[in-house]
Amino acid sequence: MKHLKRSQVASSNYHYIKYSLPYFLESMVRLDQHLIEFYAASPHLSIEDATYAQVESLKKQLDERSIQVCCLTQEQCVYPINIACEDDAIRERSIHTFFKTIEFAHQLQAPYVQILCGRGYFDNSQESAWQRSLESMARIVDKAERYGVTLVIEAASVNTTNVVYDTPRIRRMLDTFQSKHLKAMLDTCAVAMAGEDFREDLKILGKDMVHLHFADGTPAGHFIPGEGNLPLADYLQALDEAEYDGAIPFEIYNRKYDFEPEQTMKKCLDFIYGQILD
């Protein structure tokens, strides 16, 4: 690899949720990891329930271990968080949850907050869901701009959403707002599930592609490398060719790994460090 560096590799706590926050943090110390994507969900950090004092305590614990958060990612699939929902109360609560996430990211000095653009009922108009998403996004982007935090849009599977489910739709959303605080990310499993070409997606997004979720799949699954059939080594080569300089966090979002999270994380790191030598 000419451009990718080991310093871009990030661990994460997605598959540590059956373990305490102190266990996760000490696991990062044992694995010598200093960059993480932080999955903001119970029991580690429930955005809706957390206080600013709790987040300040988390920041102190991170600083004591020289750990930097590259992205704060709140739970948006299991919890009823949906910024394009047709239920006004759910949509409004979802927007305010993102407001808190942005404030917490600012506290943690995390540059990015991941966001899905919501979904409407599949038996109703896609375009009306898109419009509700736009209205919500306008408010959330405004909040991000005021706090100096950048939102990164991830495309969810077409089985999950009818709003932003592929890279061209990420591009459409970015072009609508043209904000320096709204950027894009790719997920290796989502790219494969959409039947897209990873290199073509990198071209579509260009310099607006600033974050990544890295995992194996069939194409779904979010497995550790080697347990799916995605061309992960080729994806890394494509990132290297594109001179990608953002973080490369593992999103091992699969409950099969919850019981041995540290061993799982080590296997992921062993794989990627075998590809990125510098």
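Two strands count as paired here when DSSP finds at least two bridges between them. Keep that in mind for the close-ups below, which come from a predicted model.

**View 1. An open sheet built from eight strands.** Read across the sheet and the strands come in the order β7-β6-β5-β4-β3-β2-β1-β8, with parallel pairing. Who stands at the edges? They are β7 (209–213) and β8 (248–249). Each of these two has a single partner strand, so one side of each is left without a neighbour in the sheet.

**View 2. Strands β3 and β4, with a helix on the way between them.** β3 and β4 pair in the parallel sense, over two bridges. To find your place, look for Leu72, which stands opposite Val113 in β4. Follow the chain from β3 and you pass through α3 before reaching β4, a β-α-β crossover that is right-handed. That helix, α3 (residues 88–108), lies across β3 (68–74), β4 and β5. Its direction is at about 170° to that of β3.

**View 3. Moving one strand along, from β4 to β5.** How many bridges join β4 (residues 112–115) to β5 (residues 150–153)? There are four, and the two strands run parallel. Two pairs make handy landmarks: Gln114 has Val152 in β5 as its bridge partner, and Ile115 stands opposite Ile153 in β5. Helix α4 (residues 126–147) joins β4 and β5 in a β-α-β unit, and this unit is right-handed.

**View 4. The largest pocket, with a volume of about 430 Å³.** Which residues lie nearest the centre of this pocket? Out of a lining of 25 residues, they are Cys77, Glu154, His222, Glu251 and Tyr253. Two elements, β3 and α6, each give two or more residues to the lining. The largest share, three residues, comes from α6. As for the chemistry, the lining of the largest pocket divides into 11 nonpolar, 10 polar and four charged residues.

**View 5. The largest cavity, holding about 100 Å³ of space.** Searching the whole structure turns up five cavities of 30 Å³ or more, and this view shows the largest. Its lining is made of 15 residues, and the closest to the centre are Gln76, Leu116, Cys117, Gly118 and Arg119. What sorts of residues form this lining? Eight are nonpolar, five are polar and two are charged.

**View 6. The second largest cavity, with about 80 Å³ of space.** Here 13 residues form the lining, and Ala155, Thr167, Ala190, Val191 and Glu196 are the closest to the centre. Three elements supply at least two lining residues each: α5 (167–177), β6 (182–187) and α6 (188–193). Which of the elements gives the most to this lining? That is β6, with three residues. You may recall α6 from View 4, where the helix supplies three residues to the lining of the largest pocket. The lining of the second largest cavity sorts into eight nonpolar residues, one polar residue and four charged ones.

Methods: Residues are numbered from 1 along each chain as its sequence is written. This is a predicted model: local features need pLDDT of at least 70, side-chain atom pairs count only at pLDDT 80 or more; totals for chains, interfaces and linings use all residues. Side-chain values use heavy atoms; hydrogens and water are left out. On a 1 Å grid over the protein atoms alone, a cavity is a set of points where a 1.4 Å probe fits but cannot get out, and a pocket is an open set with protein on both sides within 12 Å along at least five of seven lines; lining residues have an atom within 4 Å of a point. Grid points are joined across faces, edges and corners, and a volume is the space filled by probe spheres set on the points. Ala, Val, Leu, Ile, Met, Phe, Trp, Tyr, Cys and Pro count as nonpolar, Asp, Glu, Lys and Arg as charged, and the others, Gly among them, as polar. Contact means heavy atoms within 4.5 Å. Axes are lines fitted to C-alpha atoms, for helices over the stretch in contact, and angles run from 0 to 180 degrees between N-to-C directions. A crossover is right-handed if, with the strands pointing away from the viewer, the path from the first strand over the helix to the second runs clockwise.
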